[in-house]
Amino acid sequence: PAGMPDDQREGLQEELIDIILHVLKRNPQLHYYQGYHDIVVTFLLVVGDRLATALVEKLSTHHLRDFMDPTMDNTKHILNYLMPIIDQVNPEVHDFMQSAEVGTIFALSWLITWFGHVLSDFRHVVRLYDFFLACHPLMPIYFAAVIVLYREQEVLDCECDMASVHHLLSQIPQDLPYETLISRAGDLFVQFPPSLLAREAAQQQAERTAASTFKDFELASVQQRPDTVLRQRFRERLRGEERTKSILTKPRTNRFVKLAVMGLTVALGAAALAVVKSALEWAPKFELQIFP
């Protein structure tokens, strides 16, 4: 908190570190994440170090468990519930955000710190913590959706591009009607439980993975790869040679036709060599684009 004396602040920091290390040492399957300390220090300020240690350890193995995995896969999956909730309530806002391609990263710090990192008034923080402790672990994402929906007009009045919408949403207002929003979040959870939204959240996750888009990329790029171009040129050359052979074996073929065919064959060979040369020059550039 602002205005805390330095000696008290230093003592609080030592207690905070002790609690975090205690929990991680007793639960080696858990991993620290940036923002975990915001939650721990909230409990420390309210109940003291002894009770905070017990509460945080219990919370870390339950409500916060998904955030403490080695990767952020589960955290990103929870964020995927945000847009389906918004879509159920206000499709216009949902479609606008989708068009802006803003994603859900603006709500990451809200989720993993239970809004403790983004709210300046400590009273609002502890009120939300009471609410989240009494509810399903996904309730913070419902509350995040309610904040976005509450700011509907601001969102729709914003420029429809990622930078503008992300900047707007990441700056959370400090004068929100918290009790109204808490009640609204509880209502939405009852109306649209996680089980109802799970399929759409999973679909969003699948659509954002590299594996789901690789086939499209492969099909789009295969016709542009140097080896594919060379194969196409080689097949054309073979077809040209077959036609040449057919013409040369026909009776009464005059000398001018033979010369024309030979000239065509030479031209195709020169074209193939030109493609090889350009492919060798282009390949490193292509690799640099894919693997900068």
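How far apart do the end C-alpha atoms of residues 102-119 lie, and how much of the span is helix? In this predicted model, the two ends are separated by 22 Å, with 28% of the span in helix and 0% in strand. The stretch comes from a UniProt record: the unreviewed entry lists residues 102-119, 131-150 and 256-276 under "transmembrane region". For residues 131-150, the end C-alpha atoms are 19 Å apart, and the chain there is 75% helix and 0% strand.

Stepping back to the whole chain, the fold has 16 helices and 0 strands. The chain runs to 292 residues, and 36% of them count as buried. Its exposed area comes to about 17,400 Å², of which carbon and sulfur atoms supply 57%. As for how the chain packs against itself, take the contacts between residues at least 6 apart in sequence: 72% of these join residues at least 24 apart.

Back in the 102-119 stretch listed by UniProt, the backbone does something worth a look at two neighbouring positions. Trp-114 is not a glycine, yet has a positive phi of about 55 degrees. Phe-115, also not a glycine, has a positive phi of about 70 degrees. Trp-114 sits in the loop that runs between α7 (108-112) and α8, and Phe-115 is placed in the loop between α7 and α8 as well. Despite the loop setting, Trp-114 counts as buried because its relative accessible area is 1%, under the 20% cut-off. Phe-115 is buried too, at 0% relative accessibility.

Both loop residues belong to an aromatic cluster, which is made up of Phe-43, Phe-106, Trp-110, Trp-114, Phe-115, Tyr-129, Phe-131, Phe-132 and Phe-143. Aromatic pairs in the model come to 13. One of them brings together Phe-43 and Tyr-129, a tilted pair with 5.9 Å from centre to centre and 55 degrees between the planes. That pair ties together distant parts of the chain, with Phe-43 in helix α2 and Tyr-129 in helix α8, 86 residues apart. Phe-43 and Tyr-129 are both buried. Another pair, Phe-106 with Trp-110, has ring centres 5.6 Å apart and planes at 75 degrees, so the pair is edge-to-face. Phe-106 and Trp-110 are buried as well.

Helices α2 and α8 turn up again on the surface. A nonpolar patch of about 450 Å² is put together from Leu-45, Val-46, Val-47, Leu-51, Leu-55 and Phe-122. Helix α2 (36-47) and helix α3 (49-60) each bring at least two residues to the patch, with α2 giving the largest share, 3 residues. Phe-122 belongs to helix α8, which spans residues 122-133. With a relative accessible area of 36%, Phe-122 is partly exposed, so this side chain clears the 30% needed for a place in a patch.

Turning to charged pairs, the model has 6 salt bridges. In one of them, the side chains of Arg-26 and Glu-57 meet at 2.8 Å, N to O. Arg-26 lies in helix α1 (residues 6-26) and Glu-57 in helix α3, so to speak a link between distant parts of the chain, 31 residues apart. The partners differ in their surroundings: Arg-26 is exposed at 53% relative accessibility, whereas Glu-57 is buried at 14%.

A second bridge joins Glu-179 to Arg-127, again at 2.8 Å, N to O. Here, too, distant parts of the chain are linked, with Glu-179 in helix α12 (residues 178-191) and Arg-127 in helix α8, 52 residues apart. Glu-179 is partly exposed, at 46% relative accessible area, and Arg-127 is partly exposed at 31%. Arg-151 and Glu-154 form a further salt bridge, with the closest N and O atoms 3.2 Å apart. Arg-151 is buried, with a relative accessible area of 3%, while Glu-154 is partly exposed at 40%.

Finally, there is His-94, found in helix α6 (residues 91-100). His-94 counts as buried because its relative accessible area is 8%, under 20%. Setting aside neighbours within four places in sequence, His-94 is in contact with Met-83, Ile-86 and Asp-87.

Note on methods. Residues numbered from 1 in each chain as written. Predicted model: local features only at pLDDT ≥ 70, side-chain atom pairs only at ≥ 80, totals over all residues. Heavy atoms only, no water. Patch = residues over 30% accessible without salt bridge, like charges linked within 9 Å, V, L, I, M, F, W, Y side chains within 5 Å. Areas by Shrake-Rupley, 256 points an atom, 1.4 Å probe, with all protein chains shown as cover. Salt bridge = Lys/Arg side-chain N within 4 Å of Asp/Glu carboxyl O. Helix = DSSP H or I, 4+ residues; strand = E, 2+ residues; numbered from the N terminus. Buried < 20%, exposed > 50% of the residue type's maximum accessible area, 1.4 Å probe, protein only. Contact = heavy atoms within 4.5 Å. Phe/Tyr/Trp six-rings, centres within 6.5 Å; stacked < 30°, edge-to-face > 60°. UniProt positions renumbered as here; feature names shortened; annotations may be inferred.
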